[in-house]
Amino acid sequence: MNYTVRKFDAVIVGAGGAGLRAAIQLSEAGLKTAVITKVFPTRSHTVAAQGGVAASLGNSEEDHWHWHMYDTVKGSDWLGDQDAIEYMCRKANEVVIELEHYGMPFDRLDNGRIYQRPFGGHMSNFGEKPVRRSCAAADRTGHAMLHAMYQRNVKVNTQFFVEWQALDLVRDADGDVLGVTAMEMETGEIVVFEAKATIFASGGAGRIYYSSTNAFINTGDGLGMAARAGIPLEDMEFWQFHPTGVAGAGVLITEGVRGEGGILRNSAGERFMERYAPNAKDLASRDVVSRAMTTEINEGRGCGPNKDFVLLDITHLPPETIMKRLPGIHEIALQFAGVDCLKESIPVVPTAHYQMGGIPTNFLGQVVVPKNGNHAEPVPGFYAAGECACASVHGANRLGTNSLLDLLVFGKSAGETAVADLKRSAAAHKPLPKEAIDRTLARLDRLNRQTEGSNVDETRLAMQRNMQKNCGVFRFKDLLKQGVERILEIEERVAHTEIRDKSRVFNTARIEALELDNQIEVAKATMISAAARLESRGAHVRDDAPDTPERPNGRDDANWLKHTLWFREGNRLDYKPVHMKPLTVDTIELKKRAY
Amino acid sequence: MMDDARRARQGRLRWHCRRALLELDIVFQRFWERQEARQAEGLHDGLDEETEAALERLLELQDHDLWEMVSGRTTTNDPQLEGLIENLRRQ
């Protein structure tokens, strides 16, 4: 198989918010920058983000980055690195104002300043009362953000390679990253993008779960590529679930539905949240509602022929309230659940929403790995930002509106660091290691030649069902053990996937097989890391680590205040300490996470 | 049988149906499944050129605008797009 080589100063994989922000930094510095993306940049999954971006601008009431930092550390259940969290919260105002200057149409106050609204978990004065911190552009914040940053990139001459599938990381014998291999979908051509700086901004991997709110493109490509190249994945056991995804489809039913009076019911028609949260009931926090739903299903009180969902009932609400206050819900229920929600209840299940873990980085956006006794040694030439990366600011649980902030701050810092590194080392490109490129070619060749192999759709479905059943929102020792055994069996099937259509041009079957190669790495990392963590913390909640006076919420700081690192080779696990020391302020000391 | 050029065009269209929003991914997935079922029954040989052209135009829309159209909150005056939207709304 032939390939060609194209040389750049920097190559970025992914053109969502983090990739576009990093690209601005590099192109503005005059560096020759390529962005490789599976889909047109403004069709990246950042588009789906509606809530806003957090920044302590204080436009409507007093606010401070230190309060934002406190909320983020607490939200992370103290697993977030406090240096990275301080960095992010301090940088928030700067990146939001920059975005405004790029042309982002933020909602505004009468005095012309950016309008800010409250959002769950964001408080003033170290947890005292809710504060207005989220900056939004109607309900299209992510979409507006991508458009503003894409236009800026066009202006500064970033080169986009649209509808290209990145395949593998190119690493030499020293461990330095020298670029990526990629395939153009239109021609099937293989190209080595040789670069002095390689930045991954490839997004999350929510599609490893059967029920996920993520778009189909979220297959964790960067994580799979990193894992195959020997880079560990950090804290992959932590996934945020949304309680009300439409069963079987995953499409989100907004929290507003319960806010307007929607009630969750089990197979007996019982309003079960009364038992789990007598005061808040159906309006309890996301994790409490998700776990209650899972308990109902696990104890046989689920609905439907397989008793595998519960019902969200709004039939008691006046139809005009539903149509006026909850626009779109009627159509979502009809399209994706086949029910008229004015007359029937909507089947819902807890649904995977956001990946807190990822490729380990520091707050400068450098990818860091354990080496020579240092648990966070930068990998020369390699950077990552956004959902694919783990800085770690979200720790065990992410606060709403911090994900858009994450991709702006760390997209920028990854770009800035790469620019500084390139200026410092004027060296030419290092020689490309032939073996690294051969590995990509061998992978493609295997897929082309495979006969009597496994079906891609069936194998993906087996993986997704295994993740949902054995590593969902509420975790059980025996299920996790079964899940590990099963995912290793499925890995064998992924190694032998077969495609019937061998054509080169826009062969979606080939792309999906290559995506599955990445998804399986994320699935293994998640399952194996979850089975090993014997405490409950944030989004990782185990039945055998309950809330006790000695261990509030089941959290075990004495043994588990540490980050997980999963290595693909031998499915080895390692751990590294949480950075408890911020950059300039005092440590936010451990305490029980309660709201 | 489809020639290579048409297969490539439909491959491109299929890929352009990968969207930023899950709602649209599912709607288009069902659309293609229905096409495949009809093809398997011998009812047609892939999309006709008119539908292909309409789909190409529809896929140029921004995702939120497209979803508003598919979910019936906005409408189009274009009869070809209207027919396609009707088709996409089928469950």
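The exercises below, each with a worked solution, concern a predicted model with chains A and B.

**Exercise 1.** Determine what the radius of gyration of chain B says about its overall form, and describe its elements and its surface.

Solution. Begin with the elements: chain B has five helices and zero strands, and from the N terminus on they run α-α-α-α-α. Next, take the 91 residues of the chain, for which a compact globule would have a radius of gyration near 12 Å; chain B has 13 Å, which agrees with that expectation. The C-alpha atoms, taken along the principal axes, fill a box of roughly 40 × 25 × 20 Å. Then turn to the packing, where buried residues make up 49% of the chain, and where, of the contacts with a separation of 6 or more, 61% join residues 24 or more positions apart. Finally, the accessible surface of chain B comes to about 4,700 Å², with 45% of it belonging to carbon and sulfur atoms, while the mean positions of its 14 positive and 20 negative charges are 3 Å apart.

**Exercise 2.** Compare the span of helix α4 of chain A with the expected one, and name residues of this helix that are buried.

Solution. The helix covers residues 141–155, which is 15 residues. An ideal rise of 1.5 Å a residue, applied to one less than the number of residues, gives an expected 21 Å, and the distance from the first C-alpha to the last is likewise 21 Å. Among the buried residues of α4(A) are A:Thr141, A:Met145, A:Ala148, A:Met149 and A:Asn153. In an α-helix there are 3.6 residues a turn, so residues three or four places apart point the same way. After the helix comes A:Asn157, whose phi is positive, near 65 degrees.

**Exercise 3.** Decide whether A:Asn372 and A:Asn571 are exposed or partly exposed, and describe their backbone and place.

Solution. A:Asn372, although not a glycine, has a positive phi of about 45 degrees, and is placed in the loop between β16 and β17 of chain A. Its relative accessibility is 75%, and because the cut-off for exposed is over 50%, A:Asn372 counts as exposed. A:Asn571, also not a glycine, has a positive phi of about 50 degrees and is found in the loop between β21 and β22. At 21% relative accessible area, A:Asn571 is partly exposed.

**Exercise 4.** Locate A:Lys581 and list its contacts beyond its neighbours within four places in sequence.

Solution. A:Lys581 is found in the segment after β22 (572–577) of chain A, and at 64% relative accessibility it counts as exposed. With those neighbours left aside, A:Lys581 is in contact with A:Gln82, A:Asp83 and A:Thr587.

Definitions and conventions: Residues numbered from 1 in each chain as written. Chains lettered and ligands numbered in written order. Predicted model: local features only at pLDDT ≥ 70, side-chain atom pairs only at ≥ 80, totals over all residues. Heavy atoms only, no water. Helix = DSSP H or I, 4+ residues; strand = E, 2+ residues; numbered from the N terminus. Rg over C-alpha atoms; globule rule 2.2 N^0.38 Å. Buried < 20%, exposed > 50% of the residue type's maximum accessible area, 1.4 Å probe, protein only. Contact = heavy atoms within 4.5 Å. Areas by Shrake-Rupley, 256 points an atom, 1.4 Å probe, with all protein chains shown as cover. Lys, Arg positive; Asp, Glu negative; His and termini not counted. Charge placed at Lys NZ, Arg CZ, Asp CG, Glu CD.
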